[in-house]
Amino acid sequence: MSTPGTQPLGLPATAVEPYLQDLGPDDADITSHDAYTNGVPHATFQRLRAEDPVHWTEEQDGSGFWSILGYQDALNVSRDVATFTSSQGIRLEEMDAEQTEARRTLMEFDPPDHTRLRRLVNRGFTRRTVDTFEDAIRALTSDVIDTAVQNEEFDFVHEIAQELPMRMLGKLLGTSDEDGHRLVAWGDALLGNTDPEFTDYPIDLTDTEAFRMVPFRSPAAIEIFQYAQEQAADRRSCPRDDIITKLLEPTLDGSPLTDLEFNNFFTVLVAAGNDTTRYTLTHGLWTMLNNPTLWDTWKANPELTPTAIEEVLRTSSVTMHFRRTATKDVEFGGKQIRKGDKVVMWFNSANHDAAGFDHPFRFDLAREKNDHMTFGRNGPHLCLGAWLARMEIRLVFEELMKRVTRFELAGEPEFLRSNFISGIKHLPVKVVA
Ligand code: HEM
């Protein structure tokens, strides 16, 4: 292997440590969206993991939740679907029964109902199916990168990371390239529903009562529903080999999805398949900008790509948490969890737990044991788009490395205001050709 630069004693040539210079404050309020606008307060998660790994937090509205901060505990919650249900909501937001029903997607079902929905689209997202799109996705990636790098300086998010995932997902869904920008804006409004840059209705800063019955409490969901119905009408009259057509087929019990189920399913695909990959790409590049030896080593040793991608995924941990609800009283991690309590798995914390990962703040392009929880793990809800996301990340880094000697930071990154999604909204970069 070629090894650019020199390394401190004992550190493999493929690694840097720590990969983040600033772990943030150790006393952040992890429920506050504002606590994430300078990046994840890792020092707070690190302290909580050590002091109180199953931690109770009171919320301002009088409710509260258990934070599961350690790797093994998060795995245990994720796999025990009988004790920790998804059916009462998967984010921190408190919803009443009527809202939960109206906004239910496959994410908020437990097996066996979950299986009925997931089977509809599973085959469309397998590794083998996704591989058949590689040439088309690589061509798209090359085009987007060629255009972007004509400029010496640009916003990596705006020009590259934001452009690609939705257009790539569009190829599987069967939506047109021209509709890509609308879908990106809608996806941003959903997952950025707490950030004023992406929505006029940030949920904790404005009155969103009018949208309480639609996904993400976002007006964008209403527009997506209308678009979804237009797409459905089109596929009913002219079926194609795409995911939208599959969503209209009968489910395992013989009945098709209702319009509401279809709308919610389509919405969750747009939300989940868009910003998550964008922010993973951006976190990955940002880490390389802060630690240029990583970029140089990866570029000189393309055989590192499979492990490097998993390390980008682990360290970026873009969906920071998912919630479950206890179905019964249970003792867990030395705490008495009561039936109905909210239980939140913090994947960003689990992914940096020394009990799960050697030197968790070491970024190692060649990390061997890396069973990260970035896509969830060991449960029915394991990310549907994991293979698509992996392919996208691989193609983007492969095509970037063919064209760019190195990137440099050309300004400060801006972070998403969200306790749910760890996102970099803007990353000004300079190209060293
Ligand atoms: C790096 C990018 C991504 C990350 C970090 C990510 C993360 C996750 C996580 C953590 C879950 C588990 C949720 C839970 O346990 O309740 C999940 C589920 C899901 N993801 Fe992803 N995801 C990514 C990309 C994608 C893409 C590209 C798609 C494409 C459509 C997608 C679609 C979904 C869907 C539909 C589910 C729900 C699966 C179910 O409930 O059965 N994701 N994702």
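Is R217 buried or exposed? The points below take up this residue and the surroundings of several others in the model, which is predicted.

1. R217 is buried, having 22 other C-beta atoms within 10 Å. The residue sits in the loop between α9 (180-191) and α10 (220-237). Its phi is positive, about 50 degrees, although R217 is not a glycine. The label "buried" follows because the cut-off is 20 or more other C-beta atoms within 10 Å.

2. N378 also has a positive phi without being a glycine, here about 55 degrees. It belongs to the loop between β10 (363-364) and α17. N378 is partly exposed, with 14 other C-beta atoms within 10 Å. A glycine with a positive phi, of about 95 degrees, is G174, placed just after α8.

3. P202 is another residue of the loop between α9 and α10. With 19 other C-beta atoms within 10 Å, P202 is partly exposed; it is not called buried because that takes 20 or more. Setting aside neighbours within four places in sequence, the contacts of P202 are N193, T194, D195 and P196. From P202 to K246 there are 44 residues in sequence and 33 Å in space, C-alpha to C-alpha.

4. Two cis peptide bonds deserve a look in the viewer. One runs from E17 to P18, with omega near -10 degrees, and P18 lies in the loop between β1 (15-16) and α1 (42-51). Another joins P111 and P112, with omega about 5 degrees; P112 is in the loop between α3 (97-102) and α4 (113-122).

5. The largest nonpolar core has 98 residues, and the members that touch the most others are I68, A74, L190, L285, V343, M345 and W346. Helix α17 (residues 386-403) contributes the most to this core, with 8 residues. Apart from this core lies another, of 5 residues, including A28, I30, A35 and Y36. In soluble globular proteins, nonpolar side chains tend to be buried together.

6. M345 can be followed from the core into a sheet. Not counting residues up to four places away in sequence, M345 touches I68, A74, V77, S78, H321, F322 and A350. The contact with I68 is matched by a bridge, since M345 in β9 is the bridge partner of I68. Strands β3 (residues 64-68) and β9 (residues 342-346) run parallel and are joined by 4 bridges.

7. An open sheet of 5 strands has the order β2-β3-β9-β6-β4, with mixed pairing. Its edge strands, β2 (54-58) and β4 (84-85), each pair on one side only.

8. Strand β14 (residues 428-432) pairs with two other strands. With β5 (residues 153-155) the pairing is antiparallel over 3 bridges, and with β11 (residues 406-409) it is antiparallel over 4 bridges. V429 of β14 is the bridge partner of F154 and also of L409. The side chains of β14 alternate: V429 and V431 point to one face and are buried, whereas P428, K430 and V432 point to the other and are not.

9. Helix α17 has 18 residues and spans 26 Å from first C-alpha to last, close to the 26 Å expected at 1.5 Å a residue. Its buried residues are L388, A389, R390, M391, E392, I393, L395, V396, F397, E399 and L400. The elements covering these buried residues include α5 (127-131), α6 (134-148), α8, α13 and α15 (305-316).

10. Helix α8 (residues 163-173), one of the elements that cover α17, is itself mostly covered, with 10 of its 11 residues buried. The buried set is E163, L164, P165, M166, R167, M168, L169, G170, L172 and L173.

11. The ligand is surrounded by 25 residues, of which A272, G273, G376, C383 and G385 are the closest. The elements giving two or more residues to this shell are α12 (259-272), α13 (275-290) and α17. By type, the shell divides into 14 nonpolar, 10 polar and 1 charged. Helix α17 thus comes up both in the shell around the ligand and as the element that gives the most to the largest nonpolar core.

Key
Residues numbered from 1 in each chain as written. Predicted model: local features only at pLDDT ≥ 70, side-chain atom pairs only at ≥ 80, totals over all residues. Core = buried A, V, L, I, M, F, W, Y, C linked by C-beta atoms within 7 Å. Buried ≥ 20, exposed ≤ 12 C-beta atoms within 10 Å, placed from the backbone. Contact = placed C-beta atoms within 7 Å. Near = placed C-beta within 6 Å. Nonpolar A, V, L, I, M, F, W, Y, C, P; charged D, E, K, R; others polar. Expected span 1.5 Å × (residues − 1). Pairing = 2+ DSSP bridges.
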